[in-house]
Amino acid sequence: MQTVKVVGAGFSGLVTAYYLVKEGFQVQILEKNSRVGGLIRTIRTEHGPVETAANGIRNSARLEAMCADLRVPLAATRREARARFIFRGAPKRFPLSGPEVLKLGFRFAASASSLRPRPFETIVDWGRRVIGKAATDFLLAPALSGIYAGDPESLSASLIFGQAALPGHLQTTRPLRPKRHGTVAPPKGMQQLIEGLYEYLEQAGVEFIFNHQAQMATGEPAIVCTSSRGAAECLEDVAPELSQSLRQIEMMPVVTATCQYEPAAAKLKGFGCLFPRSEGFRARGVLFNEYIFAGRGPAHSETWIFGGALDPDVGQLTDPELIKLIASEREKLYAVVDEPIGIHLTNWPEALPHYSIDLERILTKLAPPPANVALVGNYLGRIGLAKLIERAAFVAKDFRRSFEG
């Protein structure tokens, strides 16, 4: 039985190893740190759980099948999570005025034949061409910059909408419709999924080597499941051109602060609130955790999200400065002051790739990896945990076909 090395024991590496095992391979996982999970971790506190990265995952048929196999249950979001707010003078479920809605309808109807993004067209340019300025500035831009942490003036519409002309070696499949739609998460937090994967792989005989900086050797079968920077370092000797391209990918910092309050401090019931840049907030948005999934209390829990392409220096703030900033922005949001009973800060200097037109240019010309080597990562044109699962399954099946051939 062929052994395949997986570089990285974050979410990408674990799901890639899972599908390799399913395809009949022996697997060895090399991880530079001392734990699995990468950015994903659930911290248990007396006031409720704290997620250090994603708090859920977009459901898909493949995720449901994998979690059933792992015996990891999935919980749907609460009914209250259907409410989502955008700040425009105040938190609003729908931030456009009546005339702006009419204009949106007219613009969309007039642009129906040209909805497809043009190559290297930004989200702002696409939005103003198709749906108009107000809908772009107060709906499209805050929503997508909140999800991708990017600059709407630079975000690639083709990458965001899955229309970019990517080379064949970056191919993947689209997630199939699940039985239960929307965002889901294990009842005990995202760490429960990481632990389920780790336990399954250990029982399947997968070898984990921690505190190891991997370097590729010519000819060895391997799947690199790290950040673009990590992949560049790993492939430097065997694929210098590819390595150089990967080094050019912009990675963005993200700082999150999960603040816990007495239950009476809850002011809005919903998924969260996004802040357009024109409204004067430094935060990109805030999540209302106990209204997204059950069991996230007993405290009222908010996760404030900072950083991204428009605020790369936020990680330089000291903890007291960040806490003071949150208090100020929270008072602006609610017009009241509440004292937190718990604060948990997370600072990821290189959390996400910037899905910009620069990334689109890099990916459309990206050189293929050496034979028997593949890449899995959120910088390859499809971001989100559900799409990483699809890419991992596709690559594992492709490896099996190549070895059988």
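Trainee: Which residues does Gly-272 touch, leaving out those up to four places away in sequence?

Mentor: In this predicted model, Gly-272 touches Ala-83, Arg-84, Phe-85, Val-286, Leu-287 and Phe-288, with sequence neighbours up to four places away left out. Gly-272 itself sits in strand β13, residues 272-274.

Trainee: What makes Gly-272 count as buried?

Mentor: Set the value against the cut-off: buried means under 20% relative accessible area. Gly-272 has 5%, so buried is the word for it.

Trainee: And Ala-81, is that one buried or exposed, and how do you know?

Mentor: Buried again: Ala-81 has 3% relative accessibility, and the label applies under 20%. Ala-81 lies in the loop between β6 (75-76) and β7 (84-87). Its contacts beyond four places in sequence are Gly-270, Phe-271, Tyr-291 and Ile-292.

Trainee: Why is Gly-150 called buried?

Mentor: Because its relative accessibility is 0%, and anything under 20% gets that label. Gly-150 is in the loop between α5 (133-148) and α6 (157-160). Among the residues Gly-150 touches are Leu-155, Met-252, Arg-284, Ala-309 and His-354. As for Leu-385, that residue is 235 residues from Gly-150 in sequence, and the two C-alpha atoms are 18 Å apart.

Trainee: On to helices. Why is α2 called roughly perpendicular to α13?

Mentor: Helix α2 (residues 61-70) packs against helix α13 (residues 385-404) at about 75°, and their axes are 9 Å apart. Roughly perpendicular covers 65 to 115 degrees, so α2 earns that description relative to α13.

Trainee: Which residues meet there?

Mentor: From α2 you have Arg-62, Leu-63 and Met-66, and from α13 they meet Ile-389, Glu-390 and Ala-393. By class, that contact has four nonpolar, no polar and two charged residues.

Trainee: What makes Arg-71 stand out in its backbone?

Mentor: Phi of Arg-71 is near 60°, a positive value in a residue that isn't glycine. Most residues other than glycine have a negative phi. Arg-71 is in the loop between α2 and β6.

Trainee: How do you know that Arg-71 is exposed?

Mentor: Exposed means over 50% relative accessible area. Arg-71 has 76%, so exposed is the right call.

Trainee: Why is Phe-120 called partly exposed?

Mentor: Partly exposed is what you say between the buried cut-off of 20% and the exposed cut-off of 50%. Phe-120 has 35%, so partly exposed it is. Phe-120 also has a positive phi, near 60°, and is found in the loop between α3 (98-110) and α4 (123-130).

Trainee: What is the omega of the peptide bond from Gly-297 to Pro-298?

Mentor: Omega is near 15°, and the bond is cis. Most peptide bonds are trans. Pro-298 is in the loop between α10 (289-292) and β15 (300-307).

Trainee: Last topic: how many cavities of 30 Å³ or more are there?

Mentor: Two. The largest holds about 60 Å³, and the second largest about 40 Å³.

Trainee: What lines the largest cavity?

Mentor: Leu-170, Thr-172, Gly-377, Leu-380, Gly-381, Arg-382, Lys-387 and Arg-391. That lining divides into two nonpolar, three polar and three charged residues.

Trainee: How does the lining of the second largest cavity divide?

Mentor: Three nonpolar, four polar and one charged. The residues lining the second largest cavity include Ser-158, Gln-163, Leu-166, Gly-381 and Arg-382.

Conventions: Residues are numbered from 1 along each chain as its sequence is written. This is a predicted model: local features need pLDDT of at least 70, side-chain atom pairs count only at pLDDT 80 or more; totals for chains, interfaces and linings use all residues. Side-chain values use heavy atoms; hydrogens and water are left out. On a 1 Å grid over the protein atoms alone, a cavity is a set of points where a 1.4 Å probe fits but cannot get out, and a pocket is an open set with protein on both sides within 12 Å along at least five of seven lines; lining residues have an atom within 4 Å of a point. Grid points are joined across faces, edges and corners, and a volume is the space filled by probe spheres set on the points. Ala, Val, Leu, Ile, Met, Phe, Trp, Tyr, Cys and Pro count as nonpolar, Asp, Glu, Lys and Arg as charged, and the others, Gly among them, as polar. Helices (H or I, at least four residues) and strands (E, at least two) are DSSP runs, numbered from the N terminus. Buried means under 20% relative accessible area, exposed over 50%, partly exposed in between (1.4 Å probe, protein chains only). Contact means heavy atoms within 4.5 Å. Axes are lines fitted to C-alpha atoms, for helices over the stretch in contact, and angles run from 0 to 180 degrees between N-to-C directions. Angles under 35 degrees count as roughly parallel, over 145 as roughly antiparallel, 65 to 115 as roughly perpendicular and the rest as oblique.
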